[in-house]
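User: Please take a close look at one sheet in this model and at what packs against it. Set out the pairing, the packing and how far the model can be trusted.

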Amino acid sequence: MSRPLQRSSISGGGRIVESSRDSWDSQMKSRSPRTEKEDVDRNRSSPDHTSLSLRFLVNLFFPDNSSFKSGLTDNGFGSDPFNMGSSRSRQNLTLLFLRISLVLIVILALSGSLWWTISISTSSRGDIFRGYRRLQEQLISDLSDIGELSLGAARLTELDYCSEESENHVPCFNISQNLELGYSDGNEYDRQCGHGSRQSCLVVPPRNYRVPLRWPTGRDVIWIANVKITAQEVLSSGSLTKRMMMLEEDQISFRSDSLMFDGVEDYSHQIAEMIGLRNESNFIQAGVRTVLDIGCGYGSFGAHLFSKQLLTMCIANYEASGSQVQLTLERGLPAMIGSFTLKQLPYPSLSFDMVHCARCGIDWDQKDGIFLVEVDRVLKPGGYFVWTSPITNAQSLRNKQDQKKWTIVHNFAENLCWDMLSQQEETVVWKKTSKKDCYASRKSGSGPPICSKGQDVETPYYRPLQLCIGGTHSRRWVPIERRTTWPSRSKLNSSELEIHGVHPEEIAEDAINWNSAVRNYWSLLSPLIFSDHPKRPGDEDPSPPFNMLRNVLDMNARFGGLNSALLDAGKTVWVMNVVPTSGPNYLPLILDRGFVGVLHDWCEAFPTYPRTYDMVHAEGLLSLQTSKQHRCTMLDLFAEIDRLLRPESLCKQTHLHKSFQPLIWSALGFSFAKLTKAECIGFITLYAWKISVVLS
């Protein structure tokens, strides 16, 4: 009998045909044991094994349900003709139980997840949220940057080289044009960033430009061809610190043992004693970390203080040649163009621990003492103003004109609540008051008034000079002697961060990210840029701490995290922390950490000479710029970056005809490093698609 006839059939109306069942029973009795065994083997491989699975699921989920037990025969057939009468019904029931199993698993998983979520503390949830938000913001930033780069590729814009006359020119500083506009009495040197001040060409280096010597050798010896200064200008320099250098063939050598002065070391030691310290090594213990050096000569004072862990920012007027700022930066020291003539400096109030002027060329007695008011604004409470000038010398005071100038400065400093600590030879040291009530105790009309809240802008951007005392409304009014000393100052505590509206967890997360980024940069760019053992073609392997990298410009510094990470990694660099005017203003926080920085609008030229930075870093800057009104293009931004970066003399050795600095793109931002440019012939094409992009 064929296999289908062995199964019970169902007649119309759903009744089981009994004759078929009787035939089945008789046949089963007459079969031999061998035949039964063969049937069992066939059944194992037949589709009827579904009934066994069904029985297992029923026993698993309903062990005590007798209705299910009685509703199924030993062969897996249901006694209910409506539910178990066909293989389709059995498969549907199997799927039902599988679905029930999956539902139970999902419920258990959700319950466990809910329990885990409830167990997380509020602070932990905040960490996760902030981290997730940061990832979202970074993703949007990166996508925006990529979009801008892709748009740049379609514009196909080429920039020519500027003329040789512009090799040391700084946009926004055009003396001849300012003279034509009627500026005089020093105002012709002031910054004027009007329409058309930006250059639409690439600044070329001098024909005989040479790669600067590595730090610290480059601090004391520079190539004279790299800066615009003649031998006559070197020999005729009138500034006290300018004379501390020697001209040797194609080099300028700076030294502190000048015969015309006791030396920078003795000079700084003298200042320390006038303050009441044993020597300049105790400046840190007295709360001094950052110094603003006005008219710094060529940075010799700051170069010496650097060895004492003091960071000195040089500012001086724009000079067409013999530039103080250019030579100071060429030595690997902090400097920028700045002027007291018309506008406030782009620093917050209460920024520096000391302001220094050694024959800096500023007439402090002029304009009703408004220049001294600006010094007072940028000085921290309890900070020091050091002035070295011939008119303070006792012999010079015999001159009635000098005596009149000295009297004006002395009296005005007293009206500013400055305490004159000492006067020796040509040097005078004042200490700014740390008590606000001193201003109220002055005689009526005896000094400049306190600025109103509307006038007292914490971080002005080249606002006109104001004849009122600023910084008194700031929560940052903390005497320097009460601040944490360096290097602990770089790690602000929770109460200090609260003043700036920043949570400690934000700083901690920022530090973790930048410490990781610096390690990645060092590994990615080694040995060309970031390396303790850099090597240029033809050079011998140097010994640490000789590094190719010294001057770093962070175009979007935020909390100063890159600066902090570089210091934590023990790198001998300094960072100009720039806070864009188009973004959040954390510049006061950066300066309170003991770093140097400045506020800047990147649609304008940065106040420095060409070829002054070894590295330009721009994390998140492109997104920040493109999110605002398009006052300038990405091409303008890249041309400015090209102007700021130092060239490397690799064109001769590699015979490159065209070149452009590669753009290193990491998970945290952008890093620019110019590798080839000097003495190259031809045009540099600023196509975004020609920039070499390297993923870390």
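Analyst: Strand 9 (residues 379-388) and strand 11 (residues 427-432) run antiparallel to each other and pair over five bridges. Within that pairing, V386 stands opposite V429 in strand 11. This is a predicted model, and the values below are computed from it.

The two strands belong to an open sheet of seven strands, in the order 7-6-5-8-9-11-10, with mixed pairing. Strand 7 (335-337) and strand 10 (418-424) are at the edges; each has a single partner strand, so one side of each has no neighbour in the sheet. On average, neighbouring strands of this sheet are turned by 20° against each other, direction ignored. In general, the strands of a sheet pair through backbone hydrogen bonds, in either a parallel or an antiparallel sense.

Helix 13 lies across strand 5 (290-294), strand 8 (352-358), strand 9, strand 10 and strand 11. Relative to strand 9, helix 13 runs at about 135°. Helix 13 is mostly covered, with nine of its nine residues buried. The buried residues of helix 13 include nonpolar ones such as I370, F371, L372, V373, V375 and V378, but also E374, D376 and R377.

The packing can be followed further through the largest nonpolar core, which has 73 residues. Those touching the most other members are L292, I294, W364, F385, L553 and M576. Helix 13 (residues 370-378) gives the most to this core, with six residues. Apart from this core lies another, of 29 residues, among them I271, I275, A286 and F595. As a general tendency, nonpolar side chains in soluble globular proteins are buried together.

F385 shows how these parts meet. Leaving aside residues up to four places away in sequence, F385 touches V355, C357, W364, L372, V375, L379, W418, V428, V429 and W430. Of these contacts, L372 and V375 are among the buried residues of helix 13, and V429 is the residue that V386 stands opposite.

Two other positions give a contrast in exposure. E330, found in helix 12 (residues 324-330), is buried because its relative accessible area, 7%, is under the 20% cut-off. The side chain of E330 makes a polar contact of 3.0 Å with that of N226. Beyond residues up to four places away in sequence, E330 touches P212, G218, I222, N226, V227, R611 and R646. Q401, in helix 14 (residues 400-415), counts as exposed because its relative accessible area of 53% is over 50%. The C-alpha atoms of Q401 and I391 are separated by 9.0 Å, with the two residues ten apart along the chain.

For the whole protein chain, there are 22 helices and 19 strands. Of its 696 residues, 51% are buried. Among contacts with a separation of 6 or more, 70% join residues 24 or more positions apart.

As for trust in the model, the protein chain averages a pLDDT of 74, and 64% of the residues score at least 70. Residues 1-54 have a pLDDT below 50, and this stretch has 27 contacts in the model beyond near neighbours in sequence. Residues 152-156 also fall below 50, with five such contacts. Where pLDDT is low, predicted coordinates should not be read in detail.

How values were computed: Residues numbered from 1 in each chain as written. Predicted model: local features only at pLDDT ≥ 70, side-chain atom pairs only at ≥ 80, totals over all residues. Heavy atoms only, no water. Helix = DSSP H or I, 4+ residues; strand = E, 2+ residues; numbered from the N terminus. Buried < 20%, exposed > 50% of the residue type's maximum accessible area, 1.4 Å probe, protein only. Polar contact = N/O pair within 3.5 Å; in protein donor to acceptor, adjacent residues only side chain to side chain. Contact = heavy atoms within 4.5 Å. Core = buried A, V, L, I, M, F, W, Y, C linked by side-chain atoms within 4.5 Å. Pairing = 2+ DSSP bridges. Axes fitted to C-alpha atoms, helices over the stretch in contact; angles between N-to-C directions. pLDDT = per-residue confidence, 0-100.
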